[in-house]
Amino acid sequence: MMNNDIKQASLPHERMMINLALFHLLLPVAAFSSGHIAWILSVALIGALVSIGWIAWKAKFAQYDTVLIQQHWQLAWRHAQWLLISYGVSALIMLVAWLLSSVQPDHNMATIMLVVFSRIAAVPILLMVLVLFMLEMTALSDARKGAE
């Protein structure tokens, strides 16, 4: 196995882990510790989606020298799809929260419901990030060993 092939097979997993660490852990912590929550979380979401889009493009349209490299890009893309599903679940929870709070006659209760549901909505993404860190570490180890 060529050393260059191993580096190229490792790249999608390294990129995915950077995505997870930067856009799903570091920036949200920075957002909640500053007064700029909406702005920073928007930047994190856009950055995460751009990163996922890049992984998807490389998995679907790029040509590679070996099957090993192609398979690792496709694996990273499958993992990214799981993250997108967790985004959808979180968005659905927030939609339910918005609908329930919109029928509340008491404005304070509606606000409390949105805050509580926003915390609950973060759980699917956080759990998926933890699972994906473990899966990506395993995939990265396999890529560095030259395993498919």
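**View 1. D106 sits partly exposed in a loop of this predicted model.** With a relative accessible area of 41%, D106 falls between the cut-offs of under 20% for buried and over 50% for exposed, so it counts as partly exposed. The loop in question runs between α3 and α4. For a sense of distance, take H13: 93 residues separate H13 from D106 along the chain, and their C-alpha atoms are 48 Å apart.

**View 2. Helices α3 and α4 pack against each other on either side of that loop.** The two axes are 8 Å apart and meet at an angle of about 175 degrees. Since anything over 145 degrees counts this way, α3 is roughly antiparallel to α4. Sorted by class, the residues of this contact come out as 25 nonpolar, six polar and two charged.

**View 3. Helices α1 and α2 make a packed pair too.** Here α1 covers residues 3–32, and its axis lies 8 Å from that of α2, at an angle of about 175 degrees. That angle makes α1 roughly antiparallel to α2. On the α1 side, look for P12, R15, M16, N19, F23, H24, L27, P28, A30, A31 and F32. On the α2 side, the contact is made by I37, I40, L41, A44, G47, A48, S51, I52, W54 and I55. The tally for the contact of α1 with α2 is 16 nonpolar residues, four polar and one charged.

**View 4. Two aromatic pairs turn up in a search of the whole structure, and here is the W54–W73 one.** W54 and W73 meet edge-to-face, 5.4 Å centre to centre and with 85 degrees between the planes. The pair bridges distant parts of the chain, as W54 belongs to helix α2 (residues 37–60) and W73 to helix α3 (residues 67–102), 19 residues apart. How do the two residues fare for solvent, buried or exposed or partly so? W73 has a relative accessible area of 1%, so it is buried, while W54, at 35%, counts as partly exposed.

**View 5. Y64 joins in by pairing with W73.** The ring centres of Y64 and W73 are 6.2 Å apart, and their planes are at just 15 degrees, so this pair is stacked. Y64 counts as buried because its relative accessibility is 18%, under the 20% cut-off. Put the ring pairs together and W54, Y64 and W73 form a cluster.

**View 6. Zoom in on the largest nonpolar core, a set of 29 residues.** Which residues have the most contacts inside this core? They are M16, L20, I52, I55, W73, W77 and L83. Two or more residues come from each of α1, α2, α3 and α4 (107–145), and α3 gives the largest share, with eight. Some names should ring a bell: M16, I52 and I55 also take part in the contact between α1 and α2, and W73 is the residue that pairs with W54.

**View 7. W77 and the residues around it.** Leaving aside residues up to four places away in sequence, W77 touches I52, I55, A56, A59, K60 and L84. Of these neighbours, I52 and I55 are also listed with W77 among the core residues with the most contacts.

**View 8. W57 is another tryptophan to look at, this one partly exposed.** W57 lies in helix α2, and its relative accessible area is 46%. Between the C-alpha atoms of W57 and D5 there are 19 Å, with the two residues 52 apart along the chain.

Conventions
Residues are numbered from 1 along each chain as its sequence is written. This is a predicted model: local features need pLDDT of at least 70, side-chain atom pairs count only at pLDDT 80 or more; totals for chains, interfaces and linings use all residues. Side-chain values use heavy atoms; hydrogens and water are left out. Rings of Phe, Tyr and Trp (its six-membered ring) pair if their centres lie within 6.5 Å; planes under 30 degrees apart count as stacked, over 60 as edge-to-face and the rest as tilted. Helices (H or I, at least four residues) and strands (E, at least two) are DSSP runs, numbered from the N terminus. Buried means under 20% relative accessible area, exposed over 50%, partly exposed in between (1.4 Å probe, protein chains only). Axes are lines fitted to C-alpha atoms, for helices over the stretch in contact, and angles run from 0 to 180 degrees between N-to-C directions. Angles under 35 degrees count as roughly parallel, over 145 as roughly antiparallel, 65 to 115 as roughly perpendicular and the rest as oblique. Contact means heavy atoms within 4.5 Å. Ala, Val, Leu, Ile, Met, Phe, Trp, Tyr, Cys and Pro count as nonpolar, Asp, Glu, Lys and Arg as charged, and the others, Gly among them, as polar. A nonpolar core is a set of buried Ala, Val, Leu, Ile, Met, Phe, Trp, Tyr and Cys residues joined through side-chain atoms within 4.5 Å.
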